[in-house]
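Subject: Structure handover

Hi,

Here is the structure I promised you. Please open it alongside this email and follow the notes below.

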Amino acid sequence: MVTIKDIAHKAGVAKSTVSRYLNGGSVSKKTKAKLDEIVNETGYAPNTFAQSLKAKKTNMIGTIIPRLDSFATNTILASIDEELRNKHYQLIITNTNQNVKREVENIYTLAKQKVDGIILLATVVTPAHRKAIAEVNIPVLLLGQSAEGLNTIVHQEYEAGYKLGSYATELGHKDFLYFTVLEEDQAVGQLRSKGVLDALKKNSDTTIEIVETNFSFSKAYEKAMNVLATTSATYVLCATDNIALAVMKAAHTLGLSIPTDFSLSGFGGYEVTSIVTPTITTVKYPYEKLGSVSVTNLIELIEGEDKIITIELPNELIARESTIQLIKKTP
């Protein structure tokens, strides 16, 4: 499918120039001749669906979130909402319950409601996502998942994983248990996990047991109940703070003590990790900043800024009571 972006690239002009040309606006004779040739050559036909959506500016921004019961999502949404209000935009929220098909459907649904732009907290990026983003032809900004050619703001996932994995090995631990998520999740299941495992494998005498779960507290708790009873790991790393909390509950149920029986850490920096006992070591992500930065950049796209956004936000390791230096037991 040929898009305005493709034509602009072939002609060496901005997308706004192509839009003016297609809408009968003012462009130079030389540019018009070049665009005439490219349009004829490619067989480009204007997307009437997209054109109808651009009829007028509504000052509404749509967001697509993966689930409602998430500290990270709620923190990001609160930041987005505040920033949009300051800029006189209204926020519309749609939830997918981590259903990829619904993510794609919601892109079309929000576009039909004539939102000026969409912020998508993506779980994965599929060809169907790309097709929908191209067809609605309004700015779509992805948060949390990188995708070549699309507008994205992500966390430094690999660096976060490597940071926490290195911290665990520096404490002297050699036997690890890592609760991860589906590999289809590029950010958490791939990049974050690769960072963790690369750091742990720096020492050749380490052992690593990998257990796959998902973002659900109850599912992670069930997995932890099965695994903790038999593991010899002295350090348990969890792909999210939510999973770490589930592991902590399972440990309590099984009569295990943290960090005496094993050290525990997660990712996210959820507020609750500083409240529970023991407090949980974590990598804190700048969720509020992610929300505000996403609004600033989306509005720039809405106002005609011709660019592809690719931003990575840093994170911070916070060491707390749940992790300790390994003390070798004497025979």
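One term before we start: a residue counts as buried under 20% relative accessible area, as exposed over 50%, and as partly exposed in between. Lys 114 has a relative accessible area of 28%, so it is partly exposed. Keep in mind that this is a predicted model.

**Overall**

The protein has 12 helices and 12 strands. Its C-alpha atoms fill a box of roughly 85 × 40 × 30 Å along the principal axes. Of its 331 residues, 50% count as buried. Look at contacts between residues at least 6 apart in sequence: 71% of them join residues at least 24 apart.

**The parallel sheet**

One open sheet has six strands, in the order β2-β1-β3-β4-β5-β11. The pairing is parallel. At the edges are β2 (90-95) and β11 (310-313), and each pairs on one side only. From one strand to the next, the twist averages 15°. Six bridges hold β1 (residues 60-65) and β2 together in the parallel sense. Find Thr 63 and you will see its bridge partner in β2, Ile 93.

**The mixed sheet**

Another open sheet of six strands runs in the order β7-β6-β8-β9-β10-β12. Here the pairing is mixed. The edge strands β7 (207-212) and β12 (316-318) each have a single partner strand, so one side of each is left without a neighbour in the sheet. Ignoring direction, neighbouring strands of this sheet are turned by 15° against each other on average.

Helix α9 packs on this sheet and touches β6 (175-180), β7, β8 and β9. The direction of α9 makes about 175° with that of β6. Helix α11 (residues 241-253) lies across β6, β8, β9 and β10 (281-284). It runs at about 150° to β9.

Within the sheet, β8 (residues 235-238) and β9 run parallel, joined by three bridges. Val 236 has Leu 264 of β9 as its bridge partner.

**Strand β9 and the cores**

Is β9 buried or exposed? Six of its six residues are buried, so the strand is largely enclosed by the rest of the structure. Ser 263, Ser 265 and Phe 267 point one way from β9, while Leu 264, Gly 266 and Gly 268 point the other way.

Leu 264 also matters for the next point. The largest nonpolar core has 68 residues. Leu 143, Phe 179, Leu 228, Val 236, Val 247 and Leu 264 touch the most other members. Setting aside residues up to four places away in sequence, Leu 264 touches ten-odd neighbours that include Val 236, Val 247, Met 248, Ile 258 and Ile 280. A second, separate core has 19 residues, among them Ala 111, Val 115, Leu 120 and Leu 150.

**Cavities**

How many cavities of 30 Å³ or more does the structure hold? There are two. The largest has a volume of about 440 Å³. It is lined by 27 residues. Pro 66, Ala 72, Thr 73, Val 188 and Phe 215 lie nearest its centre. Four elements each supply at least two residues of this lining: α5 (71-86), α9 (186-200), β9 (263-268) and α12 (287-302).

**Loops to look at**

- Pro 139 is in the loop between α7 (127-136) and β4 (140-143). Its relative accessible area is 16%, so it is buried. Beyond its neighbours within four places in sequence, Pro 139 is in contact with Asp 116, Gly 117, Ile 118, Leu 298, Leu 301 and Ile 302.
- Pro 259 lies in the loop between α11 and β9. The peptide bond joining Ile 258 and Pro 259 is cis, with omega about 10°.
- Pro 278 is in the loop between β9 and β10. The bond from Thr 277 to Pro 278 is cis, with omega near -5°.
- Gln 98 is not a glycine, yet has a positive phi of about 60°. This residue lies in the loop between β2 and α6 (100-112). Its relative accessibility is 36%, so Gln 98 counts as partly exposed.
- Lys 114, from the opening note, is in the loop between α6 and β3 (117-121). Its phi is also positive, near 65°.

Best wishes

Methods. Residues are numbered from 1 along each chain as its sequence is written. This is a predicted model: local features need pLDDT of at least 70, side-chain atom pairs count only at pLDDT 80 or more; totals for chains, interfaces and linings use all residues. Side-chain values use heavy atoms; hydrogens and water are left out. Two strands pair if DSSP finds at least two bridges between them. Axes are lines fitted to C-alpha atoms, for helices over the stretch in contact, and angles run from 0 to 180 degrees between N-to-C directions. A nonpolar core is a set of buried Ala, Val, Leu, Ile, Met, Phe, Trp, Tyr and Cys residues joined through side-chain atoms within 4.5 Å. Buried means under 20% relative accessible area, exposed over 50%, partly exposed in between (1.4 Å probe, protein chains only). Contact means heavy atoms within 4.5 Å. On a 1 Å grid over the protein atoms alone, a cavity is a set of points where a 1.4 Å probe fits but cannot get out, and a pocket is an open set with protein on both sides within 12 Å along at least five of seven lines; lining residues have an atom within 4 Å of a point. Grid points are joined across faces, edges and corners, and a volume is the space filled by probe spheres set on the points.
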